[in-house]
Structure formats: C-alpha cells, structure tokens
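Me: I am new to this structure. Please take a close look at one part of it, the open sheet and what packs on it, and show me where that part sits in the whole.

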Amino acid sequence: MAEIRVEHLRKAFGEFVAVQDSSFTVEDGEFLALLGPSGCGKTTTLRMIAGLELPTGGTIRLGGEDVTYRRASERDIAFVFQLFALYPHMNVRKNIGFPLLAQGVPKAEIKARVEETARLLQIDHILDRPVSGLAGGDRQRVALGRAIVRRPMCFLMDEPLGTLDAEFREVMVRELRELHNRIHATTVYVTHDQIEAMAMADKIAVMNHGVIEQFGTPQEIYDRPASMYVADFIGSPPMNFIRFTGGLARGARTARIGAAEVAMPELRADVAPGELALGVRPEHVRFSDASPLRGAVYGSEYLGTNQIVTVETEGGLVRARLPAEQNYRIGEPVGLTFKSERLSLFDAVSGRAIP
Ligand code: ATP
C-alpha cells in the first residue's frame, strides 16, 4: 500500500503561514494534482511530503507509517524537479541506472531494470547515446526513467514540464498519464496549469493562500466548484458570474435578474436575501431571440472548432462558447439562456457555493 495521508499539515515561515491545516489522502496508485497560482503553498506541501521541509504541525503518513519527522532519504519516494540535473558526461543508460548503482544493486539487475524502464518510456533505442546531445523531451524521459527505475512507493513531481515549450508539454502530459496508467504509482504533481491538472489527475486539490479550497475529481471540480475562486481558476475561459441581489426559496427554479426571469439551479434550502452570483460555464450559454435576458455582442474570438462570443449584459460580461460557423456583429442585440441543470449559485460576499 502506497497511500499518502496528510492530516492538519501546517507550515509557517516566521509569521507567514504558507500552508494552513491541510488534510487529504492520495489513495494507493492515485494521481493527485496540487493546483493553484504561484505562492499558494503547493511546493511547500510537496516538500513536506518529501521530507525536505519540516512541518510546523500535522502528520504525514506514507503507506500507513508516520514519516512526519523522518529524513527524505528514509522515505521511499522519488522527487522529480522542474530542472532535471542529468549527469552530462554519462550516457542515457548510466544516467537511468545511477540510483541503482548508488544503492549497490547487482550489475545484471541494473541492466535489466534500466532496459525495462527505457522500454516503458520508449527510449530504449537511445540508451547508449550521451545525454548532452538529447532534445528536451528525451532529456525529460531520461530524468523520469531515473525516478521510475528505483520503483519507489510514490512519485512527487514539482512542475516537471515547466521548462518545456507548449508543443512538447502537450506530448509529455499525454506520456506522463499513459505512464501512470501502466505503472500505477501513487503520484503528487504540483502545477499552476489547470489544463495539465485536468488532463492528468485522478484528483485535484485546488489551493489558495495555503488552504485547500476544494479536493475532488476533475469533473467534480469543474461541474460543482466549491467557490468562485475554484470556478474562476478552472476552465478556459472561466465560469461566468452573473451578480444579482435577492433571496430564493428552496425549490425555486427561476430568479429575477434585472428585468429578466432567469433559470436557477435546484436549491436544497432557502437562500436569505443578499449579494448572489449565478455561475454558468461558457458552453452552457445559448443565444435565444425570445429570452428576456438581453445583452449586446461585445467581441468574439475564433477558435477553429468553436468560438467564444462575449456579450455585455446588465450583470456584466458573459462569455458563450458557440459553434464557429455563425457570425456576430459587435453591438448586435442578443438574448441569453442558460442550461438550468448546469448552473451554480454562490454567495458573492464569501465566494462560497450555495448547495
Ligand atoms: P510557486 O509555483 O511560485 O513555487 P507555490 O504555490 O509552490 O508557488 P510555495 O513555493 O509553496 O508556493 O510558497 C508559498 C509561500 O511560502 C510563498 O509566499 C513563499 O514566498 C513562501 N516561502 C516558501 N519557502 C519559504 C522560506 N524558506 N522562507 C520564507 N518563505 C517561504
């Protein structure tokens, strides 16, 4: 069992709290992405799991064992950094095999494990090449090979694709996920890129100022964001917020926004009058001439398979993902409708979702 269980983890640097009361579990074989903007505490969380940073409070269990105060070298993990330091004077084979050599693994076993790892990463044809002449993607694979060859209990990765250009990143995202599907090693992956997290992870922890705002599957986080922060961070373009003031009775299916009666999500309890925000993803916005929720086309962005049309409404700008074929004029009046079963409602003051 290579489960990672983190309970009430906290890290303060002097007065500054980088990680606050974080609790989550990465199940055996699961891929977790720690996602959030720069400075939200992702790397600090990962470094505590790795044993490179001592927590101020809380516990870390690896495979059921409390490792909170154990040294990094005594934890069965592989840490993959953003900048891969390969040994430039060694060939691919020696680079991958190095951790095994350091552990005193017999030569024949090193050879077999290096070759097996290279096949897994599809770099078996370059095993005897020097690493100095390799392209970025292959260097990345060699570095991954060096992490995998030890067969650690879990992998911790800190923006490992950060330095790659966009095209390579896409390829590596796919390769990393495929690799995970084959070896099923428990993985914690730090990224600020929501597309990367959505594409790779089984679970995502969205972090904000040292706090985990939401922990769930990519679909849960996309479809049922726990806060406006999460809704805004996930999705490109992000969720639209239509702000309004009012209260809602449990089961009410519509609410008045300006002059229009607008569809609402099904609510489990009454919502006291206050500042609210209706959240709707761009793909759930449609144009309908008959709709009383009016706006004017503000701009459009052609994306090939579809287009993002921005509409100025009384409640602010609303983006709609629409088929690419239709042309819209700037200033053209349009009516908007929302798919009622895909809406979210937020308390616009606290930012929390209203269930
Ligand atoms: P990034 O992607 O920029 O690394 P991050 O989400 O990984 O962001 P952390 O590196 O965990 O964020 O940093 C969280 C906060 O803790 C930051 O404000 C950072 O300045 C602060 N911090 C990190 N390490 C230290 C340290 N050794 N001393 C003081 N403050 C630190």
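Reply:

**From the domains to the sheet**

The domain assignment of the chain gives two domains: domain 1 covers 4–231, and domain 2 covers 238–347. This is a predicted model. The C-alpha centres of domain 1 and domain 2 lie 39 Å apart. Where they touch, domain 1 supplies four residues and domain 2 supplies seven residues. On the side of domain 1 that touches domain 2, three residues are nonpolar and one is charged. No polar residue is found on that side of domain 1.

Now the chain as a whole. It holds eight helices and 20 strands. Its C-alpha atoms fill a box of roughly 75 × 45 × 35 Å, taken along the principal axes. The chain has 355 residues, and 37% of them count as buried. Take the contacts in the chain with a separation of 6 or more: residues 24 or more positions apart account for 64% of these.

Next, the sheet itself. Four strands form it, and the sheet is open. Read across, the order is β2-β1-β4-β5. The pairing is antiparallel. Two strands lie at the edges: β2 (16–26) and β5 (65–66). Each of these edge strands pairs on one side only.

Follow the β5 edge. Strand β4 spans residues 57–62, and two bridges pair it with β5 in the antiparallel sense. One residue pair can be picked out here: Leu62 has Glu65, in β5, as its bridge partner.

A helix joins the picture. Helix α1, residues 42–50, packs on the sheet. Helix α1 touches three strands: β1 (4–13), β2 and β4. The direction of α1 makes about 120° with that of β1.

Further along the chain comes another strand pair, useful to set beside the sheet. Strand β6 takes in residues 77–80, and both of its faces are covered. On one side of β6 sit Ile77 and Phe79, on the other Ala78 and Val80. All four of these residues are buried. The partner of β6 is strand β7, residues 154–158. Four bridges join β6 and β7, which run parallel. In this pair, Ile77 stands opposite Cys154 of β7. So much for the buried strand.

To retrace the close look: start at edge strand β2, cross β1 and β4, and end at β5. Then place helix α1 against β1, β2 and β4.

Note on methods
Residues numbered from 1 in each chain as written. Predicted model: local features only at pLDDT ≥ 70, side-chain atom pairs only at ≥ 80, totals over all residues. Pairing = 2+ DSSP bridges. Contact = placed C-beta atoms within 7 Å. Axes fitted to C-alpha atoms, helices over the stretch in contact; angles between N-to-C directions. Buried ≥ 20, exposed ≤ 12 C-beta atoms within 10 Å, placed from the backbone. Domains from an automatic or database assignment. Nonpolar A, V, L, I, M, F, W, Y, C, P; charged D, E, K, R; others polar.
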